[in-house]
Amino acid sequence: MKRILLVLIALTGLSVNAQSDVTLRINHKLGTDVFAYDQVAQNNLGHEFKATRLEYYLSQVTIVHDGGTETSVPLDVIDLVQPGTESSTSIPLGNYSVTSIESVKFFIGVQEPTNNEDPSTYSSGHPLAPQSPSMHWGWTAGYRFVAYEGNGGSSFNQNFQLHGLGNENYFEVEA
């Protein structure tokens, strides 16, 4: 799952000035190409496929800046990234006093114990509220950290679904 996600997204462009709003910009990629739904791509076996759904949770963001200082973004900044037709997603992280951002760390998925809580307790519009199509697998596994779906086969008539879930698959990425 980690490889799939790293292939799907590439991070660039943290925009920041001293004591200003910090925004994380994620450029969606499929291999080296800009990610797009229904775009023909090839897997590692040379088989063609088309993606029809990509959604993933991003949480526990840490900004690394000014010589290695780490500043954690409040835990309530959790986002359900849904590329749609856009080639990038911008996530506002808040206002910080930083001069130079060196990297950003974040987790793919939803942290415990939130991952195993009832999604109906969140108000409509919250990333953890019930979604359509669903991003919640069940009480034990919790949320789908990543949902990647599409079609493959010689006529693109075979469906595939890759869903990353379970607390043991909650992992950190640094870019």
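Let me start with H65, which lies in strand β5, and please keep in mind throughout that what we are looking at is a predicted model. Is H65 buried or exposed? Its relative accessibility comes out at 5%, and because the cut-off for buried is under 20%, H65 counts as buried. Its side chain does have a polar partner, since there is a polar contact of 2.6 Å between the side chain of H65 and the side chain of T71. If we set aside the neighbours within four places in sequence, the residues in contact with H65 are T71, S97, V98, S100, I101 and E102.

Staying with β5 for a moment, I would like to turn to the nonpolar core. The largest such core has 39 residues, and those with the most contacts inside it are L58, L93 and Y148. Which elements give two or more residues to this core? They are β2 (20-30), β5 (48-65), β7 (79-81), β8 (88-96), β9, β11 and β13. Of these, β5 gives the most, with 8 residues.

Now to the aromatic rings, where a search of the whole structure finds 6 aromatic pairs. One of them is formed by F107 and Y170, and this pair is stacked, with 4.6 Å from centre to centre and 10° between the planes. What does this pair tie together? F107 lies in strand β9 (residues 101-108), whereas Y170 lies in the loop between β12 (158-165) and β13 (171-174), so the pair ties together parts that are 63 residues apart in sequence. Both F107 and Y170 are buried.

Y170 also forms an aromatic pair with F145, and here the arrangement is edge-to-face, at 6.0 Å from centre to centre with 70° between the planes. This pair, too, links distant parts of the chain, as F145 sits in strand β11 (residues 142-152) and Y170 in the loop between β12 and β13, 25 residues apart. F145 is buried, as is Y170.

Elsewhere, ring pairs link F49, Y148 and F160 into a cluster, and you will recall Y148 as one of the residues with the most contacts inside the largest nonpolar core.

One last item concerns a charge and a ring: the charged end of K50 sits over the ring of F156, at 4.4 Å from the centre of that ring.

To draw the aromatic part together, Y170 pairs with F107 in a stacked arrangement and with F145 in an edge-to-face one, while F49, Y148 and F160 form a cluster through their ring pairs.

Terms used
Residues numbered from 1 in each chain as written. Predicted model: local features only at pLDDT ≥ 70, side-chain atom pairs only at ≥ 80, totals over all residues. Heavy atoms only, no water. Phe/Tyr/Trp six-rings, centres within 6.5 Å; stacked < 30°, edge-to-face > 60°. Helix = DSSP H or I, 4+ residues; strand = E, 2+ residues; numbered from the N terminus. Buried < 20%, exposed > 50% of the residue type's maximum accessible area, 1.4 Å probe, protein only. Lys NZ or Arg CZ within 6 Å of the ring centre and 35° of its normal. Core = buried A, V, L, I, M, F, W, Y, C linked by side-chain atoms within 4.5 Å. Polar contact = N/O pair within 3.5 Å; in protein donor to acceptor, adjacent residues only side chain to side chain. Contact = heavy atoms within 4.5 Å.
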